[in-house]
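Biologist: I would like to go through this model with you and ask how each label is earned. Shall we start with a pair of side chains?

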Number of protein chains: 2
Amino acid sequence: MAKTEERVKRSRRPTIRDVSQLAGVSRMTVSRVISDPDLVLPATRQKVASAIADLGYVPDRAAGSLASRKTGFIALMLPTLTNANFAAVAHGLTEVLREANYQLLIAYTEYDMAEEERQLRNLLARRPEAIVLTGATHSNAASKLLLSADVPILEIADLPSRPIGHVIGFSNQEVGRTAARYLIDKGFTRIGAVGATVEGEVLDHRGEERMRGFEDELRYAGLPTDAVVRHGKAPLSYDHGAAAIGVLLDKAPDCEAVFAVSDLSAVGVLMECQRRGISVPDQLSVIGFGDFEIGRIINPPLTTIHVDFNGLGQRTGKTIVELLKRGVSSETGRVDVGLSIIERKSVKT
Amino acid sequence: MAKTEERVKRSRRPTIRDVSQLAGVSRMTVSRVISDPDLVLPATRQKVASAIADLGYVPDRAAGSLASRKTGFIALMLPTLTNANFAAVAHGLTEVLREANYQLLIAYTEYDMAEEERQLRNLLARRPEAIVLTGATHSNAASKLLLSADVPILEIADLPSRPIGHVIGFSNQEVGRTAARYLIDKGFTRIGAVGATVEGEVLDHRGEERMRGFEDELRYAGLPTDAVVRHGKAPLSYDHGAAAIGVLLDKAPDCEAVFAVSDLSAVGVLMECQRRGISVPDQLSVIGFGDFEIGRIINPPLTTIHVDFNGLGQRTGKTIVELLKRGVSSETGRVDVGLSIIERKSVKT
DNA sequence: CGCCCTCATGTTAACGGTCCCATAGATTTG
DNA sequence: CAAATCTATGGGACCGTTAACATGAGGGCG
């Protein structure tokens, strides 16, 4: 009178065992109805399905993960969620992964490398089947953790020279260079830029790459780089641009054209110029990066460098699905999704 | 020569067993070093710690969850991630939950109720210890699932009349009413609004509540509601506002003041007005909702209704931590975080 | 000096699924 | 028509961890 009849336990969540008993089949059959119904006779399937419905059974993926060694998690590490382009990446990624029944595990680092490491450790404990990282700069410890994780690693939104996994991205340096070339070709000679500072633990590597590319190209053209201003810290936003352009104009009042490492900053620049009565593009030309929606709507519409972030997310998702379908493949792909200039009205022609 | 000595298995991930053998202690001791180090003698702790480091051991939370019946997951369901205010909620929530070592599981529905149900089922299979929902309108099946989940449910960013769990939010109707009252008090009599349509499965309940509150207040004041325009579908954005104000002005060219259910739309309205040479606020006053950063930076700065979304997220996080600490408590709290008008320059005084 | 505590650690049995193999009946095949 | 193959289902071990209880060594105390 012990063992068997302790159904007295008041209302825990139903398990697969409860379902199997109610349906009069084995646990394994229930499991099959859930994960691959075609293996089960329609009549049996029906019995099981109604037992599931009656009990309100919801399978426990933690138990399933443990047994099958597949968690269905994909880890995504972002600098921040409060940036439309990163959100777009997450969005595109989800779209694709949803279909394949993967669940995204999102962590964000606030551009802080120590935090990245902590977050990574947390994520790894969940045994993701693939790991997606934004940007290519990681601490040593982080790299070691990643390497020993033994799952596909995807580095996106960058084009690192020494990647540790698959790469799907674009060159942030090239973004900077393209912006510079564009302005130089328009005939400007007094050219500046605004970005974030690079001190401390909290920094925006990808933005800094864009700044460097920009400076390189100015130098290459024999132009001065003294109007390239690093001000405030990531994440960049409208206020950043408004403040930074002030600093820039103090330093170089004769500046004719400016590159902002983010459209958000660029919009801040535009608004500050309106306030100061500086006409864009007549007195100052502005080019941004990111092609945020606001740039299209603002007056004057913002000339910017576009990258298809949503598509980048989708592409990453497809790669992951592909990779996981055909087992481990350690050949590391490298995809450059490229970039394009969107010419609008904020640069004088 | 069987059983014991099959360490030949080439390099699976190390388990707690490997660590315990290397450190010469039991598995339980390793477990304690990880989850509550104070229970273990410093010397032992040290041995274990270095075994962990040597092997690069990372615990498997799926196994841990199964055994301890605690997953450390908190589920968050949002309409979309591409909205700064929802992102801010996620942000505030994470800040708090990080400390307490919970991992956020984010799902988004694209304002689609069928999708909400699917997502909910996925989330539930992960056994979250609490579930956070935005908005208070759910399908019947979803409500049933939620109720039987037997974990705290928090409904946020709304103030439902018949809540199914804890509520931390504000009244979206009150937002609409407040906006209307503000414009009425300013002496306007020809007042309109722009929001999204309400047809089909995909809709923005919370936005619609704001519209209703607005209409109610107009009616209460004896004013016509024919300039309240529902156009396009959620998620709202800049383009929405630009398009919707066109529709509104066709219908009611004499409109003096307009409420946009989202700042994003409001900014679109402002920009479209600039393009059409309509002076804001001289010819048309505009008030928005959400206090998005862009509204502060734009010219003229946007008058809007502010809700502290980041704080709302934090508060939600704290409530969850509190709730989980002191075991199940089924008393359902109700917190109104309130709202405030931010007067800037887009409404004529 | 025996007794009882406390503290550090070990032992055992779950947790809720799925993998792998076995089995019995139905169906094909030479 | 016996053997081989296929189909639908079942049985048991196992995934990696922790809860709960057991154990044994040391310390304080009357």
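Modeller: Gladly. Keep in mind that this is a predicted model. In it, the side chains of B:Arg177 and B:Glu174 meet in a salt bridge, 2.3 Å from N to O.

Biologist: Why is the meeting of B:Arg177 and B:Glu174 called a salt bridge?

Modeller: The label needs a side-chain nitrogen of Lys or Arg within 4 Å of a carboxyl oxygen of Asp or Glu. Here an Arg meets a Glu at 2.3 Å, N to O. The value is within the cut-off of 4 Å, so the label holds.

Biologist: What separates B:Arg177 and B:Glu174 along helix H8 of chain B?

Modeller: About one helical turn, because they are three residues apart in that helix.

Biologist: How many salt bridges does a search of the whole structure find?

Modeller: It finds 38 over all chains.

Biologist: What does helix H8 of chain B pack on?

Modeller: A sheet. Six strands of chain B form it, in the order E7-E6-E8-E9-E10-E12, and the pairing is mixed. The sheet is open. Its edge strands are E7 (228-230) and E12 (340-342) of chain B, each pairing on one side only. Helix H8 (residues 172-185) of chain B touches E6, E8, E9, E10 and E12 of chain B. The direction of the helix makes about 165° with that of E8(B).

Biologist: How do you know that strands E8 and E9 of chain B pair?

Modeller: Pairing needs at least two bridges. E8 (residues 257-260) and E9 (residues 285-289) of chain B have three bridges, in the parallel sense. The requirement is met, so they pair. B:Val258 has B:Val286 in E9(B) as its bridge partner.

Biologist: Now the DNA. What makes the approach of B:Arg32 to DNA strand C a polar contact?

Modeller: A polar contact is a pair of N or O atoms within 3.5 Å. A polar side-chain atom of B:Arg32 lies 2.8 Å from a base nitrogen of DNA strand C. That is within 3.5 Å, so the pair qualifies. A:Ala63 reaches a base nitrogen too, with a polar backbone atom at 3.2 Å. A:Tyr57 places a polar side-chain atom 3.0 Å from a sugar or linking oxygen of DNA strand C.

Biologist: Which element gives the most to the surface near DNA strand C?

Modeller: H4(A), with five residues. In total, 26 residues surround the strand, and A:Ile16 and B:Arg69 are among the closest. Sugar and phosphate account for 63% of the strand's atoms that come within 4 Å of the protein.

Definitions and conventions. Residues are numbered from 1 along each chain as its sequence is written. Chains are lettered from A and ligands numbered from 1 in the order in which they are written. This is a predicted model: local features need pLDDT of at least 70, side-chain atom pairs count only at pLDDT 80 or more; totals for chains, interfaces and linings use all residues. Side-chain values use heavy atoms; hydrogens and water are left out. A residue is near a molecule or strand if one of its heavy atoms lies within 4 Å of it. A polar contact is a pair of N or O atoms within 3.5 Å; within protein, one must be able to donate a hydrogen and the other to accept it, and residues adjacent in sequence count only if both atoms are side-chain atoms. Helices (H or I, at least four residues) and strands (E, at least two) are DSSP runs, numbered from the N terminus. Contact means heavy atoms within 4.5 Å. Axes are lines fitted to C-alpha atoms, for helices over the stretch in contact, and angles run from 0 to 180 degrees between N-to-C directions.
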